[in-house]
Amino acid sequence: MSNIEEQNLTEFLLEVKAKMVNITTSDNEAINEITSYVLSNTGKFIRSKIIFLYGDEIGVKKSKLIELASAAELIHLSTLVHDDIIDEADIRRNKPTVVKKWGIKKAILYGDFLYTKTFQALNSLDNIAIANELIECAEILIEGEFNQIKIKSDNLISMTQYYDVIEKKTAVLFSGILKCLGIELSLPQKDLEDLKQLGLSFGRAFQINDDLSDFEDSKLTGKAEYKDLSEGKLTLPVIFLMEDKNESEQSEIFKFIDSGNFDAVKQLMNDTDSFNRARAEREKAIGNCIEYTKRFIKLDRLDSLKAFLEKTLIA
């Protein structure tokens, strides 16, 4: 991106954050304290960046992009608060989680507070179809969490189950926000479906990249090494590793995981093609993103969007 484009994006993200503060301001100081803490540690605003970069290219008004981005980020934030409760997570983005800092009761209430504020914001949107799309996304996100809990209790996961979970827990919101851009412009159904598929492909690549980062140095990724493995989540590299093992070998791997010997699990994956197979799946999803992007973005702007996709989706 050029310096001007970077500046425009930076200004947009600041406006989105200001909108989020406005939406979540409460008369209760305890709630405002948590909000201030959460919004000071919001991450990379990937969803907002996608909304701006694609929405600006296809001609959606900036005010509409800000409304959509703030709602999407609040949905995402509320799911993170609840995810950390479910996973009993102590750290997120190198800082204590809401549940660690304020306890489970306040964390549950705060996650609910974010959801209610988000839906209030959605109800104020001019376009009811966009509000309905995002509400449906929120419902699917919750279904995805239920599915993941069941899979964790079963201890094994098939590729079909894996992609179902990441579609519902990660990809659905990317898919929904891109489709909303098309809804705002009253694009034909074929274009809406293509935007939806673009978002699903982005979400798949994003999650697989996150899976791979579980085995990277936290200083490089900002994510604690072995975070997913320590929470009992079977990520794509682990699934590929299990596919190549018999029942006895799988049992041995689970013993490593249960005992916290994650280095041994990583070594087994280095000794096989588990990481390479996961990277190949990520590259396939990125390729799909680029193909769908070509249908909406002018050729002279395509290189910039491709660079953004590759930078965002490759750890």
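Modeller: A residue is called buried when its relative accessible area is under 20%, exposed when over 50%, and partly exposed in between, with a 1.4 Å probe and protein chains only. The structure is a predicted model, in which local features need pLDDT of at least 70, side-chain atom pairs count only at pLDDT 80 or more, and totals for chains, interfaces and linings use all residues. Residues are numbered from 1 along each chain as its sequence is written, and side-chain values use heavy atoms, with hydrogens and water left out.

Biologist: Which residues of α1 are buried, and which are exposed?

Modeller: Helices are DSSP runs (H or I, at least four residues), numbered from the N terminus. In α1, L9, F12, L13, V16, M20, I23 and T24 are buried. These residues lie on the same side of α1, because they cover an arc of only 100° around the axis; the arc is that of the directions from the helix axis to the C-beta atoms. On the other side of α1, N3, I4, L14 and N22 are exposed.

Biologist: What covers the buried residues of α1?

Modeller: The cover, judged by contact (heavy atoms within 4.5 Å), includes α2 (29-39), α3 (46-58), α4 (62-87) and α6 (104-123).

Biologist: How is empty space to be read, and how many cavities of 30 Å³ or more does the structure hold?

Modeller: Rolling a probe the size of a water molecule over the atoms shows where empty space is left. On a 1 Å grid over the protein atoms alone, a cavity is a set of points where a 1.4 Å probe fits but cannot get out, whereas a pocket is an open set with protein on both sides within 12 Å along at least five of seven lines; lining residues have an atom within 4 Å of a point. Two cavities of 30 Å³ or more are present. The largest cavity holds about 160 Å³ of space. Its lining has 13 residues, of which V38, N41, D84, R92 and V98 are the closest to its centre. The most lining residues come from α4, which gives four.

Biologist: What is the volume of the second largest cavity, and which element gives the most to its lining?

Modeller: The second largest cavity has a volume of about 90 Å³. Again α4 gives the most, with three residues. Among the lining residues are V60, K64, E67 and L68.

Biologist: Which helices supply at least two residues each to the lining of the second largest pocket?

Modeller: They are α7 (128-154), α8 (159-184) and α9 (189-213). The largest share, six residues, comes from α8. This pocket has a volume of about 180 Å³.

Notes:
Points joined across faces, edges and corners; volume = space filled by probe spheres on them.
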